[in-house]
Amino acid sequence: MLKAAPSYAFNPQGDGKGKKVLILGGGLCGMTTAYELTKLGYSCTILEARDRVGGRCWSVRKGSHNTETGLPKQTAQLDDGQYFNAGPSRIPHHHELTLHYCKELGVPLQIYNNVNEGAYYFSEGKGPLSNQKIKVREVHNDMRGYMSELLHKSISQDKLDLALSKDDIEKVLEYLRAEGGLDIDNLYKASARRGYTVAPSTGNQAGKVAEAHRLADLISSGLTDPDFYNVAEYTYELQMTMFQAVGGMDKIATALEKKVGTLIKKGAEVTSIINTDAGVKVSYTDTTGKQEASADICICTIPLTVLSNLNHNFSSDVSRAIDYASYIATGKIGLQFKRRFWEEDEQIYGGITHTNNDLTQIFYPSNDYQSNKGVLLGYYNFNDKAIKTGNLSLIDREKLALEKGALIHPQYLKEFEKSFSVSWHKTPCSLGGWALYTSETRESMYKALLKPDKQVYFAGEHMTYLNAWMAGAFESARSVVTEVNNRLSEQRGEYKKVDK
Ligand SMILES: Cc1cc2nc3c(=O)[nH]c(=O)nc-3n(C[C@H](O)[C@H](O)[C@H](O)COP(=O)(O)OP(=O)(O)OC[C@H]3O[C@@H](n4cnc5c(N)ncnc54)[C@H](O)[C@@H]3O)c2cc1C
């Protein structure tokens, strides 16, 4: 008769009957919070400003719309069945809670190909290799080879003052030969690892291995610069295996909506949050005008950049932490093409091309391989580059993506159909991509928000060390459910503290 153990168990005990909880924001955190609290019997209402749920967990498809500050309303004209993930696009294999909820909510997953040795590095206007699309595998293998050769020479000539035994040194040299693909003289020469100019085939066609790039050229062309070399390959969260929701990441949000949809008031934009003696009073506007709602407890998942503009009576510490919050500027553009030329002409199936220009990255879709059309991300950029592209008109963003993209894929000009761009820092209900903290602001700001301000709790991606990840929204939801349930159970005298 025991319930099957979930892969990531969460079993708080309590009885929320008769207690009202108002949740601000119908993103992943707000909806998961309502989902878990209603399991305990709490009466929850979610106020969501947008006419859709999911917040940043958003996939753009035909009819999706967004109105950024200072720009006209944009409505996606993508073909039926075409989409791109404007927010989250990948789930790391170690984000157990995200994977858990996908399983619990019945959201099917597929592999997201984040690292593709067949995509490119593209250095615009820098050095002898500038404006050439260079396969990731070429740069990787050349750099491994040259570095291994250099180290091999240094170690062989006792140039490194290492505390290694003779046996260890032999092992290290052997490792370097294998790592770098060094030849019998322990020199780096191009091998099949970095690809062919003529592929192996039948008869006499053994294939022709491409020449290595010169080390000096790779370096002076900026291809080893830390801002785009190996970002995706080395970062903990970006290491393969990665996943995505089949049909768009917003499937996670819509699966949650199926569970808690009746509790959500869409188009309800909160304007004021006031702690009262007995609970909380929240004002919001909807199509019928100004409204008020009250509850015993309020859980606010509104991004801090947005919250900062709302009326409230929080303590000065909390108010300061909200007002000084910093979020990343980031933007994406989806480009629909008539033909998946990156697959048909260039054998690129998923993965990322990295550039040093304003595009920063081109993401190739990891779904619907070999189908007729496709949407790729023409840019996914951050900080100054995102501010610069975000300041352009919609048509100029498209122009930039096409002009710069065509340097890498000339097919763009013939095959392009439609675009849709999102600048998250200019999108009113988000005002940024995700929260950014320094070790200093973790101490001075973040900590002030970890405690409730009287009856108001703060939750969301920004209340975790998992910023920029859906896992932050899910972890924060569980954490705030535990705290609120403990508090309200204690008030009823049935307190049995249960940790997450
Ligand atoms: C460009 C981008 C790429 C990302 N990539 C990934 C990725 O690859 N993998 C991954 O796991 N995560 C990724 N993330 C992060 C992930 O999307 C977020 O961490 C997560 O969705 C945050 O959920 P949340 O519920 O905390 O916040 P939100 O989704 O922001 O929810 C807050 C809700 O509050 C609502 N709201 C705002 N103002 C008001 C108001 N005044 N009244 C009422 N409601 C209001 C908003 O409309 C929104 O629905 C990415 C995010 C972005 C922007």
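## A walk through the cavities, domains and links

Let's start inside: the second largest cavity holds about 60 Å³ of space. Keep in mind as you look around that this is a predicted model. The residues around that space are Leu304, Ala321, Tyr324, Ala325, Ser326, Leu436, Tyr437, Thr441, Met445 and Leu449. Sort them by class and you get eight nonpolar, two polar and no charged residues. Helix H14, which covers residues 439-450, gives the most to this lining, with three residues.

Now for the bigger picture on cavities. The structure has four of them at 30 Å³ or more, and the largest contains about 140 Å³ of space. Its lining is made up of 14 residues, and if you want to find the middle, look for Phe84, Asn85, Pro365, Asn367 and Val375, which lie nearest the centre. Two strands to pick out here are E6 (83-85) and E24 (374-382), since each supplies at least two residues of the lining of the largest cavity. By class, nine of the lining residues are nonpolar and five are polar, with no charged ones.

Next, zoom out to the domains. The protein chain is split into three: domain 1 takes 20-55 + 250-324 + 435-491, domain 2 takes 59-118 + 240-247 + 329-426, and domain 3 is 135-221. Pick domains 2 and 3 and check how they meet. Their C-alpha centres lie 34 Å apart, and four residues of domain 2 are in contact with four residues of domain 3. The size of an interface is often given as the accessible area lost when the parts come together. For domain 2 and domain 3, the buried area is about 420 Å², with carbon and sulfur atoms giving 38% of it. And what about salt bridges across this interface? The rule finds zero between domain 2 and domain 3.

Elsewhere there are plenty of places to look for charge pairing. Side chains of opposite charge can pair when their charged atoms come close. A search of the whole structure turns up 26 salt bridges. One worth pulling up on screen joins the side chains of aspartate 250 and arginine 61, at 2.7 Å from N to O. Aspartate 250 sits in helix H7 (residues 250-260) and arginine 61 in strand E3 (residues 59-61), so this pair ties together parts that are 189 residues apart in sequence.

Finally, take a look at the backbone, where two spots deserve a stop. Methionine 240 and threonine 241 are joined by a cis peptide bond, with omega at about 10°. You'll find threonine 241 in the loop between helix H6 (231-234) and strand E13 (242-245). The other stop is asparagine 131, whose phi is near 55°, a positive value in a residue other than glycine. Asparagine 131 also belongs to a loop, the one between strand E9 (120-122) and strand E10 (133-135).

Methods: Residues are numbered from 1 along each chain as its sequence is written. This is a predicted model: local features need pLDDT of at least 70, side-chain atom pairs count only at pLDDT 80 or more; totals for chains, interfaces and linings use all residues. Side-chain values use heavy atoms; hydrogens and water are left out. On a 1 Å grid over the protein atoms alone, a cavity is a set of points where a 1.4 Å probe fits but cannot get out, and a pocket is an open set with protein on both sides within 12 Å along at least five of seven lines; lining residues have an atom within 4 Å of a point. Grid points are joined across faces, edges and corners, and a volume is the space filled by probe spheres set on the points. Helices (H or I, at least four residues) and strands (E, at least two) are DSSP runs, numbered from the N terminus. Ala, Val, Leu, Ile, Met, Phe, Trp, Tyr, Cys and Pro count as nonpolar, Asp, Glu, Lys and Arg as charged, and the others, Gly among them, as polar. Domain bounds come from an automatic or database domain assignment. Contact means heavy atoms within 4.5 Å. Buried area is the accessible area (1.4 Å probe) that two parts lose on being put together, summed over both. A salt bridge is a side-chain nitrogen of Lys or Arg within 4 Å of a carboxyl oxygen of Asp or Glu.
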